[in-house]
Amino acid sequence: PTHPSKLYLSIISVWSATTRDLLHNQAVLYFGNMVKDFRLELNTPTSGIYIFPCEVTGNVVVVTDEAKSYDAIRVTLRGYADASWTENETETDSNGESRTVSRSYHSHEDYINHVIVLWNQEQVPNGVLNPGHYIFPFRFEVLPGRLPSSFEGNVGHIRYEVEGRISTRLFHFDKTVLGIIQVVDRVDINVPALMSPVEYEDEKT
């Protein structure tokens, strides 16, 4: 007869192997070869520049040769500014001695963040995207407003980007594709406030 401890170990080994196979199969369903092709197609203006107010349109293309379980397919239009710089400052300690320290600063500001859900798992049976070639058109309408133009500098930038994203619920394993667009905001300079001379002076100690 089999010793109880050996039987127990055999059961544990079988259970572990079965659990491992199930987790592996789930991982393959979610992660293995997620998509064959995933790209963003933007209908960029002839000039290559978007002028507010405008529309940002295009397609998110997904090609898969296997049935996969996804959470959703989304496209996001976002605009933001980031600035980072370092300054040397003089400090005086409790003994009256001065020293120079370096401090880093960072600032972030969001201008626009619009999201369109192109597909979600509730739209199909079992939440599975079947093999095929899918084209998901999208359209963002950017209304006139005081949105700053695109800018790239030594200490900061203003960027507008379109992001396509395929997301899954398991471990939040997402696949993304990103497109950067150049934006210009028209400004009417024929107004008295902009035609008048301006002088500004600042000093930092």
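Two strands pair if DSSP finds at least two bridges between them, and helices (H or I, at least four residues) and strands (E, at least two) are DSSP runs, numbered from the N terminus. With that in hand, let us walk through this chain. It is a predicted model, in which local features need pLDDT of at least 70, side-chain atom pairs count only at pLDDT 80 or more, and totals for chains, interfaces and linings use all residues. Residues are numbered from 1 along each chain as its sequence is written, and side-chain values use heavy atoms, with hydrogens and water left out.

**The chain as a whole**

You will find 2 helices and 11 strands here, following the pattern α-β-β-β-β-β-β-β-β-β-β-β-α along the sequence. The chain has 205 residues, and 28% of them count as buried; buried means under 20% relative accessible area, exposed over 50%, and partly exposed in between (1.4 Å probe, protein chains only). Its accessible surface comes to about 14,300 Å², with 53% belonging to carbon and sulfur atoms. Such areas come from the Shrake-Rupley method with a 1.4 Å probe, and for residues only the protein chains shown count as cover. A contact means heavy atoms within 4.5 Å. Among contacts with a separation of 6 or more, 70% are between residues 24 or more positions apart.

**The E5 and E6 hairpin**

Strand E5 (residues 72–92) and strand E6 (residues 98–120) run antiparallel and are joined by 21 bridges. If you want a landmark in this pairing, look for Ser84, which stands opposite His106 in E6. The hairpin has 5 residues between the strands, and there Gly96 takes a positive phi near 85°. For background, most residues other than glycine have a negative phi, and most peptide bonds are trans.

**Salt bridges**

The structure holds 13 salt bridges, each being a side-chain nitrogen of Lys or Arg within 4 Å of a carboxyl oxygen of Asp or Glu. Three of them are set out here, with the N to O distance for each pair.

| Pair | N to O distance | Relative accessibility |
|---|---|---|
| Glu163 and Arg78 | 3.6 Å | Glu163 10%, Arg78 21% |
| Glu91 and Arg99 | 3.6 Å | Glu91 23%, Arg99 52% |
| Glu91 and Arg103 | 1.9 Å | Glu91 23%, Arg103 33% |

Glu163 forms its salt bridge with Arg78. That pair links distant parts of the chain, with Glu163 in strand E10 (residues 156–167) and Arg78 in strand E5, 85 residues apart. Glu163 counts as buried because its relative accessibility is 10%, whereas Arg78, at 21%, counts as partly exposed. Both residues also belong to a network of salt bridges that links Arg78, Glu161, Glu163, Arg165 and Asp174.

Glu91 meets Arg99 in one salt bridge and Arg103 in another. The pair of Glu91 in strand E5 and Arg103 in strand E6 links distant parts of the chain, 12 residues apart. Arg99 is exposed, at 52% relative accessibility, while Glu91 is partly exposed at 23% and Arg103 is partly exposed at 33%.

**Strand E2 and its surroundings**

Strand E2 (residues 49–52) includes Ile51. Its side chains alternate: Tyr50 and Phe52 point to one face and are buried, while Ile49 and Ile51 point to the other and are not. Ile51 is partly exposed because its relative accessible area is 32%. Together with Ile49 and Val184, Ile51 makes a nonpolar surface patch of about 190 Å². Patches are made of residues with over 30% relative accessible area and no salt bridge; like charges are joined within 9 Å, and nonpolar side chains (Val, Leu, Ile, Met, Phe, Trp, Tyr) within 5 Å.

E2 and strand E11 (residues 175–185) run parallel and are joined by 4 bridges. In this pairing Phe52 stands opposite Asp185 in E11. The peptide bond from Phe52 to Pro53 is cis, with omega near -10°, and Pro53 lies in the loop between E2 and E3.

**Thr57 in strand E3**

Past that loop, Thr57 lies in strand E3 (residues 54–64). Thr57 is buried because its relative accessible area is 18%. Leaving aside residues up to four places away in sequence, Thr57 touches Glu41, Leu42, Asn43, Phe138 and Arg139. With Asn43 there is also a polar contact between side chains, at 2.9 Å. A polar contact is a pair of N or O atoms within 3.5 Å; within protein, one must be able to donate a hydrogen and the other to accept it, and residues adjacent in sequence count only if both atoms are side-chain atoms.
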